[in-house]
Amino acid sequence: MVQFAIRMPQTEGGCPEWTMVELQGVLETRDSSGLPGNRLGDLHFTKGGQPILLIGHHVLHGKVVELEKPFAVLVKEKEKEKKDDSTDSMDTGESADTVTCSDYLVKAVIRNKLVFKNRPRPIINLTHKKGH
Amino acid sequence: MAGKSRTLQETLSLAEQAKLDLTDLNSSVQSLYLSPDMADHEVRLLELDSSMVKHLEAGNSLMVRGDKSDMAVVCTEDSTFELKSTQTTNSLLLLPDCRAPEQLVGGDGCLLHKEVYCISHVYLELKKCRPKLKKLQTLLQENVFTGPEYESDEKHTGRKYTTTDLHSLIQASEKELLEELRKLQAVHIDGYWRLVDFDYMGNVLQYIIDTVDCQSWPYDQIPTDKLLGMEDNVYPRVLLEHCLDCYGDRKMMEFHGGAEQVHVLSEDRVCGYFAEYLLKGVGKFNLAEFLQTWKESVPVGMTTNLQQLEGVALIDKKSHPQVISHFPVTDLPEDASDRFNRLFRTREKWTLEDISPYIRDLCEQKQTVGSLLTKFARASTLPDGTKVYNSRVPVK
């Protein structure tokens, strides 16, 4: 059996809080440059707190949603320092049929998401071409 | 492609072209970029409830236990959850440093560069489930305790398990594992969890009953320390105590000299042992004869009744003469549909009263025997008015 732990590193100020942005469908670039490193768009908020996202020549109106069940962002823990072989355990120790994997750490907790569910509205008077 | 040199002015003029009312917009804008290292940012999203977040925040861990053949489960200290991966066609962008609207108000407008850590289309969900404990019995059967004198013979070379070993092999939380060990009447001897041989346990129980009789102690006030401390005890202390715990309950009694711990022997459990002793390995037993023999076998002063056989033995009222057979719930599969299949293979039609002891332990949270039956069985009424349940699906 495989066994590992999910832990939250105990840091001052607590676990960082991230935000999730949920978009319908898949993001694509116009050219073949791929997504990483590219600019995605501009995130505005109205004075009433509504999020508006401008992506390429699209306007997306969204809303802020508090998640009923928060998400934990998990990352694999980097290789642990080699443990001392002279552990004082009197047990038979790790059984042969158990694989101990590296643990997962909670990098952040997500309690809010910005959801853009509505059909994007095109920006018509776009005078210059955007990357995507 | 505009680089990071993008200005607030540019974003605002784009917003204007998009026909947004600039006066209604917060003056600060967050320009979102996709991290250049997005591909290396391997993360998993796990949906948790708030209580688990608090559990983690307090420095506790969640244990993930998975087998190649089993589904992975996540365990807190007292519960077990199935881990389910859910795909979504939506894109989930993770933004480490997004400013909430209330963090943006006031001051002059500015442009903030924010980096999207990665994009995900999958997240993990947790669903509370019953722990998967059946394997525990099988593991512990590899080396059953039959007495200290036999510990080193060739029948006792099977593997023995510590609590840590069991945690790494059983998909259950700590609390659920310990509960099941108690249910199986396992005893912790020299650091290992062992099942005790049925006959050996009977000998210990008989010895306790004989000693109690000999000392003229009442069955509901056995002085624990006095019994365990007797010099000529023929059984190890740990097993005497274990047997007292299995067939009795601890209680503090006030005596004139102060409080003393006693064990109250449970009539139901002791009588249950004697019934199993008679039924084990016998097959079918004439009910009338069984009841007579059983009554005579239990300690003087104890009374047998059929309820003590719930989940242990099954009575066939339709055969002539009526018969009883050993049918312990502990030998049945733990998966609900497998369990029902086995039950309907044993008997085509069940009354609610008969089947309840064999399915009660299957109930998940908020589930009742009735709702399980609705799911797995079909009800009908016999000509004599008895309501019975039979299988919904063909019995395998």
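**Chat: chain B, its core and its contact with chain A**

A: Starting inside chain B of this predicted model: leaving out residues up to four places away in sequence, B:Cys243 touches B:Met201, B:Val204, B:Leu205 and B:Ile208.

Q: OK, and which residues touch the most other members of the largest nonpolar core?

A: B:Cys243 is one of them, along with A:Val73 and B:Val116, in a core of 95 residues. The element giving the most to this core is strand E8 of chain A (residues 104–116), with 7 residues.

Q: Is there a second core, or what else does chain B hold? Which residues does it include?

A: There's a separate one of 13 residues, and B:Phe340, B:Phe344, B:Leu362 and B:Leu372 are among them.

Q: Back to B:Cys243. Which residues of helix H8 in chain B are buried?

A: H8(B) covers residues 237–247, and its buried residues are B:Leu239, B:Leu240, B:His242, B:Cys243, B:Leu244 and B:Tyr247.

Q: And what do those buried residues pack against?

A: Three helices of chain B, H6 (198–214), H7 (224–228) and H9 (267–279), plus strands E8 (187–189), E11 (248–255) and E12 (258–265) of chain B.

Q: Switching to the contact between the chains. How many residues does each one put in?

A: Chain B puts in 60 residues and chain A 58. On the side of chain B that touches chain A, E5(B) gives the most, with 7 residues. That side divides into 35 nonpolar, 16 polar and 9 charged residues.

Q: How does E5(B) run relative to strand E2 of chain A, parallel or antiparallel?

A: Antiparallel, with 5 bridges joining E5(B) to E2 of chain A (residues 17–23). One bridge pairs A:Leu23 with B:Ser91.

Q: What about E1(B): how many bridges join it to strand E3 of chain A?

A: There are 4, and those two strands run antiparallel as well. In E1(B), B:Leu32 stands opposite A:Gly41.

Q: So what's the strand order in that open sheet?

A: The 6 strands go E9(A)-E5(A)-E4(A)-E3(A)-E1(B)-E6(B), with mixed pairing. Its edges are E9 of chain A (121–122) and E6 of chain B (111–116), each pairing on one side only.

Q: Last thing, confidence. What are the ipTM and pTM?

A: The predictor gives the complex an ipTM of 0.81 and a pTM of 0.79. Chain B has a mean pLDDT of 91, and 97% of its residues reach 70 or more.

Q: Which element of chain B has the lowest mean pLDDT?

A: H1(B), at 84, while strand E9 of chain B (residues 192–194) has the highest, 97.

Note on methods:
Residues are numbered from 1 along each chain as its sequence is written. Chains are lettered from A and ligands numbered from 1 in the order in which they are written. This is a predicted model: local features need pLDDT of at least 70, side-chain atom pairs count only at pLDDT 80 or more; totals for chains, interfaces and linings use all residues. A residue is buried if 20 or more other C-beta atoms lie within 10 Å of its own, exposed if 12 or fewer, and partly exposed in between; C-beta atoms are placed from the backbone. Two residues are in contact if their C-beta atoms, placed from the backbone, lie within 7 Å. Ala, Val, Leu, Ile, Met, Phe, Trp, Tyr, Cys and Pro count as nonpolar, Asp, Glu, Lys and Arg as charged, and the others, Gly among them, as polar. Two strands pair if DSSP finds at least two bridges between them. pLDDT is the predictor's confidence in each residue, from 0 to 100. A nonpolar core is a set of buried Ala, Val, Leu, Ile, Met, Phe, Trp, Tyr and Cys residues joined through C-beta atoms within 7 Å.
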